[in-house]
Amino acid sequence: MVLERSGKIMGGPDFDLMKAEVKDLVDAGFKKVILDLGEVPWINSTGLGILITAHHSIKAASGTMKICAVKERVLSIFYVSQLERVFEVHPEATKDQIKAALKQFFGVNATKVRTMQMRRNAIARGKTRGVTP
């Protein structure tokens with residue numbers, strides 16, 4: 001499963017949304033997750049905590065999470081916090097490379113993608129989940 005994120009990851013409502021999404025994925029039997037951060041321009045320390053929680057939740061279910069398409073600004077935060085040692089990070093991955101990684105990672109032509117938009121305006125409109133199938 002590829003989980004595409006967009007918008008800043010900064011805590012607050014983002015934590016609840018990400019936690020619920022990861023739980024849904026694990027409950028549905030998805031134990032290999034590729035987190036695409038290509039549309040994430042910024043992450044703060046609380047956002048890093050969200051990723052760590054997701055990583056541990058997936059790992060606790062005997063799963064694996066890989067992170068790809070990381071913008072340079074976000075990648076620098078991974079390096080400063082030394083989280084590139086915790087996460088398997090592929091910062092330069094393109095969409096085609098992600099598709100190829102899916103085939104290698106899952107052993108099939110997996111194309112399932114979920115998109116999570118962590119934008120404050122969606123939450124302000126009363127949307128409880130930013131997930132589209």
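Lys66 and Glu88 join their side chains in a salt bridge, 3.6 Å from N to O. This pair links distant parts of the chain, with Lys66 in strand β3 (residues 64-68) and Glu88 in strand β4 (residues 88-90), 22 residues apart. The model is predicted. The count of salt bridges comes to 2. The largest nonpolar core has 28 residues.

**Salt bridges**

- Glu88 has a relative accessibility of 36%, so it counts as partly exposed, between the 20% limit for buried and the 50% limit for exposed.
- Asp27 forms a salt bridge too, with Lys23 as its partner. The closest N and O atoms of this pair are 2.6 Å apart.
- Asp27 and Lys23 both belong to helix α1 (residues 13-27). They are 4 residues apart, and therefore about one helical turn separates them.
- Asp27 and Lys23 are both exposed.

**The nonpolar cores**

- Seven names stand out in the core of 28 residues: Met18, Leu35, Leu37, Leu51, Ile67, Phe78 and Phe87 have the most contacts inside it.
- Two or more residues of this core come from each of α1, β2 (32-39), α2 (45-60), β3 and α3 (72-80).
- The element that gives the most to this core is α2, with 5 residues.
- Ile67 shows who meets whom across the chain. Beyond its neighbours within four places in sequence, Ile67 is in contact with Leu35, Leu37, Phe78, Phe87, Glu88, Val89 and His90.
- Another core, of 6 residues, lies apart from the largest one. Val2, Cys68, Ala69 and Ala93 are among its members.

**The aromatic pair**

- The count of aromatic pairs comes to 1.
- Phe78 and Phe87 form this pair, and it is tilted. Their ring centres are 5.8 Å apart, with 50 degrees between the planes.
- Why tilted? An angle of 50 degrees is neither under 30, which would count as stacked, nor over 60, which would count as edge-to-face, so the pair is tilted.
- Both Phe78 and Phe87 are buried. Both are also listed among the residues with the most contacts inside the largest core.

**The two sides of α3**

- Val74, Leu75, Ile77 and Phe78 are buried in α3.
- These four cover an arc of only 155 degrees around the axis, so they sit on the same side of α3.
- Glu72, Arg73 and Val80 are exposed on the other side of α3.
- The cover over the buried residues of α3 includes β2, α2, β3 and β4.

**Positive phi angles**

- Ser62 lies in the loop between α2 and β3. Its phi is near 60 degrees, a positive value in a residue other than glycine.
- Ser62 counts as exposed because its relative accessibility of 67% is over 50%.
- Ala69 is in the loop between β3 and α3. Ala69 is not a glycine either, yet its phi is positive, about 55 degrees.
- Ala69 has a relative accessible area of 13%, under 20%, and so it is buried. Ala69 is one of the residues in the core of 6.
- Gln82 comes just after α3 and takes a positive phi of about 60 degrees.

Note on methods: Residues numbered from 1 in each chain as written. Predicted model: local features only at pLDDT ≥ 70, side-chain atom pairs only at ≥ 80, totals over all residues. Heavy atoms only, no water. Salt bridge = Lys/Arg side-chain N within 4 Å of Asp/Glu carboxyl O. Buried < 20%, exposed > 50% of the residue type's maximum accessible area, 1.4 Å probe, protein only. Core = buried A, V, L, I, M, F, W, Y, C linked by side-chain atoms within 4.5 Å. Contact = heavy atoms within 4.5 Å. Phe/Tyr/Trp six-rings, centres within 6.5 Å; stacked < 30°, edge-to-face > 60°. Arc of directions from axis to C-beta.
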